[in-house]
Amino acid sequence: MLQVMFDNVSRVPKEPESKRRSGCPVSISLELFGDRWSLLIIRDLMVRGFRTFKEFQKSGEGISTNILADRLRKLEARGIITAEAEETDGRSVNYRLTEKGIDLAPVLLELLIWGARHEKTAVPCARIAKMEKNREGVLAEVRRRWRERDPTPLLPKFGDGGVSRNLGLRKG
């Protein structure tokens, strides 16, 4: 008999543990967060300061509502994000990275640097170069924002040429 467990806030059934393909840490990690939508949700929580379903939906990535709801449910069931009731309206939900989720910061930073190094992106090269030279500072700032629940985006909306506070990253 399948036992269904529910989260207190979201009332989303938690997924039972699936059988792993192998014991390889890379394979296991990819099973947990490896599809593009999950990584983009984690990116939006970590780098863009998003917290709500509506913000994720309007991210510009074109994710459909059913896929977004599924990925949020899976990330929550796997302990990468948590759903919290909005303080001003208990019917609304804010998502937040868990400690397990924020530990993905170095992975996402390296993906950002790698992507900008090898492909044309909307983030200016000079900005990426500064981030690449100051990896530890960027990661410290990501963790500070997470700890203090600071939703200020680490990077401005891609392609808008704004300035990211606290890192001195300007359009290059």
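Begin by selecting Trp37, Leu40, Ile41, Asp44, Phe56, Ser59, Glu61, Ile63 and Leu68, the residues that line the second largest cavity. The model on screen is a predicted one. The space enclosed here amounts to about 50 Å³. Colouring by residue class divides this lining into six nonpolar, one polar and two charged residues. Helix H2 makes the greatest contribution to the lining of the second largest cavity, with four residues.

**The whole chain**

Next, zoom out and display the cartoon. Eight helices and two strands make up the secondary structure of the chain. Followed from the N terminus, the elements run α-α-α-α-β-β-α-α-α-α. Of the 172 residues in the chain, 39% are buried. Switch to a surface view: the chain exposes about 10,400 Å², and carbon and sulfur atoms supply 54% of that area. Among contacts between residues at least 6 apart in sequence, 52% join residues at least 24 apart.

**The largest cavity**

How many cavities of 30 Å³ or more does a search of the whole structure find? The search finds two. For the largest cavity, select Leu45, Met46, Gly49, Arg51, Arg96, Leu97, Ile102, Val142, Arg145, Trp146, Asp150 and Thr152, which form its lining. The volume of the largest cavity is about 100 Å³. Helix H2 (36–46), strand E2 (93–97) and helix H8 (135–147) each supply at least two residues of this lining. H8 provides the largest share, three residues. By class, the lining of the largest cavity comprises six nonpolar, two polar and four charged residues.

**Arg149**

From H8, move along to Arg149, which lies in the segment after that helix. Arg149 is not a glycine, yet its phi is positive, at about 55°. Is Arg149 buried, partly exposed or exposed? Arg149 is partly exposed, with a relative accessible area of 47%.

**The largest nonpolar core**

Now select Ile42, Met46, Phe56, Ile80, Ile81 and Leu97; of the 37 residues in the largest nonpolar core, these touch the most other members. The elements that give two or more residues to this core are helix H1 (25–33), H2, helix H4 (65–77), strand E1 (81–85), E2, helix H6 (105–118), helix H7 (125–133) and H8. H2 accounts for the largest share of the core, seven residues. Some selections recur at this stop: Met46 and Leu97 also line the largest cavity, while Phe56 also lines the second largest cavity.

Centre the view on Ile80 and show its surroundings. Leaving aside neighbours within four places in sequence, Ile80 is in contact with Leu32, Phe33, Ile42, Leu75, Arg96, Leu97, Thr98, Lys100, Gly101 and Leu104. Among these contacts, Arg96 and Leu97 belong to the lining of the largest cavity.

**The largest pocket**

For the final stop, select Leu40, Arg43, Leu108, Leu111 and Leu112, which of the 24 lining residues lie nearest the centre of the largest pocket. The volume of this pocket is about 560 Å³. H2, H6, H7 and H8 each supply at least two residues of its lining. Which element gives the most to the lining of the largest pocket? H6 does, with seven residues. Coloured by class, the lining of the largest pocket shows 19 nonpolar, two polar and three charged residues. Leu40 returns the tour to its starting point, as one of the residues that line the second largest cavity.

Note on methods:
Residues numbered from 1 in each chain as written. Predicted model: local features only at pLDDT ≥ 70, side-chain atom pairs only at ≥ 80, totals over all residues. Heavy atoms only, no water. 1 Å grid on protein atoms, 1.4 Å probe; cavity = no way out; pocket = protein on both sides within 12 Å on 5 of 7 lines; lining within 4 Å. Points joined across faces, edges and corners; volume = space filled by probe spheres on them. Nonpolar A, V, L, I, M, F, W, Y, C, P; charged D, E, K, R; others polar. Buried < 20%, exposed > 50% of the residue type's maximum accessible area, 1.4 Å probe, protein only. Core = buried A, V, L, I, M, F, W, Y, C linked by side-chain atoms within 4.5 Å. Contact = heavy atoms within 4.5 Å. Areas by Shrake-Rupley, 256 points an atom, 1.4 Å probe, with all protein chains shown as cover.
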